[in-house]
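Colleague: Please take a close look at the empty spaces enclosed by this model, and at the parts of the chain around them. I would like one connected account, with the cut-offs behind each term spelled out.

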Amino acid sequence: MKYVIGVDYGSDSVRALIVNTGTGEEVATSVKYYPRWEEGKYCNPSKNQYRQHPLDYLEVLEASIKECLSTSPEGTAENIVGIAFDTTGSTPVFTNEAGTPLSLLPEFAENPNAMFVLWKDHTAIKEATEINELASKWEIDYTSYEGGVYSSEWYWAKALHILRQDESVRKAAYSIVEHCEWIPAILTGVTKSSDIVRSRCACGHKAMWNEKWDGLPGEEFLTTLDPLLSGFRDRLFEKTFTAEKPVGKLTEEWAKRLGLTTNVVVAGGAFDCHMGAVGANIKPHTFVRVIGTSTCDIMVASREDIGDNLIRGICGQVEGSVIPGMIGLEAGQSAFGDIYAWFKHVLEFPLNNILSKSTVIDDEAKQKLIKETTDKIIPALTIEAEKTPIDESTVIATDWMNGRRTPDANQKLTGTIAGLTLGSTAPRIFRALVEATAFGSRAIVERMRDEGVRIDNVIGIGGIALKSPFVMQTLSDVLNMPIKVCKTEQACALGAAMFAATAAGVYVTVEDAQEAMNSGFEHEYIPNPENVEIYSSLYKQYQKIGEFTAAHA
């Protein structure tokens, strides 16, 4: 038997998965949380600053794979032939000439600007605006294959913001690397930034890379944007590669650290949602929703289907970013589960600020009570929200608490809750927030269809898809489409495993790996015709409130 490992780096944790290449059986899995991130280090939510230390990534990688191996049948480690990684993105970091993230150097060990800038970091809104303004005037619109709107969540905006903000980083920075490119590089012993294998997925969707203009935006464009970007283009890269291609094999050091052999092939990296769509067995005309703290919506299409069509307002269309040889389309929402978590946090105020200071019970009992109560908030809200008839609540919300990713990226936007009365209860507000996330999803589907993209079916993956029938039924009703939910809880890691199997030569193509290793579906949600009609009317109200909010942003 041959096995592969798929590693999925999420916003809060890493998930490692050992998979049988012949059957797709999930042999072992492990989830490890980033220790520094859990402590809230290097982040400032009030400024939308979210940074992660590279040591978090390395430590949890080692711990998760070792735990997987410890629960696997004897002999598994010797028969692992490949490993592949997906990460959130765009999550770049500045490096020195050796390709080492600056935060791994002693002088930058505690400097957030020298760390990986997580996808949800929105400190670069000003820089994104400047990129859009310049691109609209330039001879070549470098944003045209990225939906025509550049986002503060992406590569160049983040890089420029940090160069402007931090002189010490500016002086030390030689190059830039995405998280999904760095992990394969360090495991295969790359010691020069110029030798790092660059991800077609990351560079095409977030760094304005396209073969049409010979790679990255021209030096003149970048230096007109800001002279601080001078020289980076020459020190970065010209070519990018799809993720099924081998990067190399594990070094002796990493083979020993992970408990594997040096025969393990390391595949190229990509973003989590793109590999997740592969894990969900994506096909043309299928709309895959990766539903978590945010959402990422992925589709694939043939060159013949897309032709010269440039789809407005999405997060890019890139050949080979999902399945090699096909055009990958990306869209999504900047917040989904994060909106529910925000509301839960609001409701926790008396627990964290009143009960926690109580002297009636001892500290251990207080902490236990607080945890038990907070864990029950979302389930209790869900039960009560489901009892509320759709047409009885006056509350309508928008889903822009973390800005808008698509359609038409705008991180300046803020969320709105309208129609509140003295009779508005927490469950009714929660229901409005769930409906808002579904309405935001519908806006993406409608944009795709308006732009000529055919959508025949929807697949949902991720924790919310598997664990919240209320959210998924609401989404099905709002979209007026059936939604299949993947059986596996680790679709992104499973997709990475498929790329690992292809890179290791077990399968010739990613599609072959999909056919053999997919998990199938757990459930299918069917739209309720009565709810569909009501939601079509409420969606128009959502659009009007959104127009008002956007006009006053």
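Modeller: What follows begins with the enclosed spaces, moves along one helix to an open pocket, and ends with the strands, the backbone and the cysteines.

This is a predicted model, in which local features need pLDDT of at least 70 and side-chain atom pairs count only at pLDDT 80 or more, while totals for chains, interfaces and linings use all residues. Residues are numbered from 1 along each chain as its sequence is written, and side-chain values use heavy atoms, with hydrogens and water left out.

Rolling a probe the size of a water molecule over the atoms shows where empty space is left. On a 1 Å grid over the protein atoms alone, a cavity is a set of points where a 1.4 Å probe fits but cannot get out, and a residue counts as lining if it has an atom within 4 Å of a point. Grid points are joined across faces, edges and corners, and a volume is the space filled by probe spheres set on the points. By this rule there are four cavities of 30 Å³ or more.

The largest cavity has a volume of about 60 Å³, and its lining includes Cys180, Glu181, Pro184, Arg198 and Phe241. Helix 6 (residues 179-187) gives the most to that lining, with three residues; helices here are DSSP runs of H or I with at least four residues, strands are runs of E with at least two, and both are numbered from the N terminus. By class, the lining of the largest cavity has six nonpolar, four polar and two charged residues, where Ala, Val, Leu, Ile, Met, Phe, Trp, Tyr, Cys and Pro count as nonpolar, Asp, Glu, Lys and Arg as charged, and the others, Gly among them, as polar.

The second largest cavity has a volume of about 50 Å³, and among the residues that line it are Arg428, Arg431, Glu435 and Leu538. Its lining has five nonpolar, one polar and three charged residues, and helix 16 (residues 426-450) gives the most to it, with four residues. Helix 16 has 25 residues and reaches 36 Å from its first C-alpha to its last, close to the expected 36 Å, a span taken as 1.5 Å times one less than the number of residues. Helix 16 is mostly covered, with 20 of its 25 residues buried; buried means under 20% relative accessible area, exposed over 50%, and partly exposed in between, for a 1.4 Å probe and protein chains only. After helix 16 comes Gly452, whose phi is positive, near 90 degrees.

Helix 16 also takes part in an open space: helix 16 and helix 21 (529-551) each supply at least two residues of the lining of the second largest pocket. A pocket is an open set of points with protein on both sides within 12 Å along at least five of seven lines. About 390 Å³ of space lies in the second largest pocket. Of the 22 residues that line this pocket, Trp400, Arg404, Pro407, Ala443 and Tyr539 are the closest to its centre. Helix 21 gives the most to the lining, with six residues, and the lining has six nonpolar, seven polar and nine charged residues.

Pro407 is also notable for its backbone, since most residues other than glycine have a negative phi, and most peptide bonds are trans. A cis peptide bond joins Thr406 and Pro407, with omega about -5 degrees, and Pro407 sits in the loop between strand 16 (396-397) and strand 17 (417-418). The bond from Gly89 to Ser90 is cis as well, with omega near 10 degrees, and Ser90 lies in the loop between strand 5 (80-87) and strand 6.

In strand 6 (residues 92-95), Pro92 and Phe94 point one way and Val93 and Thr95 the other, and all are buried. Strand 6 pairs with strand 8 (residues 175-178) in the antiparallel sense over four bridges, pairing being counted if DSSP finds at least two bridges between two strands. The bridge partner of Pro92 in strand 8 is Glu178.

Finally, the structure holds zero disulfides, a disulfide being a pair of cysteine sulfur atoms within 2.5 Å. The sulfur of Cys492 is 5.7 Å from the closest cysteine sulfur, in Cys273, and is therefore too far for a bond. The sulfur of Cys68 is 16 Å from its closest cysteine sulfur, in Cys492, again too far for a bond. Cys68 counts as buried at 1% relative accessibility, and Cys492 counts as buried at 10%.
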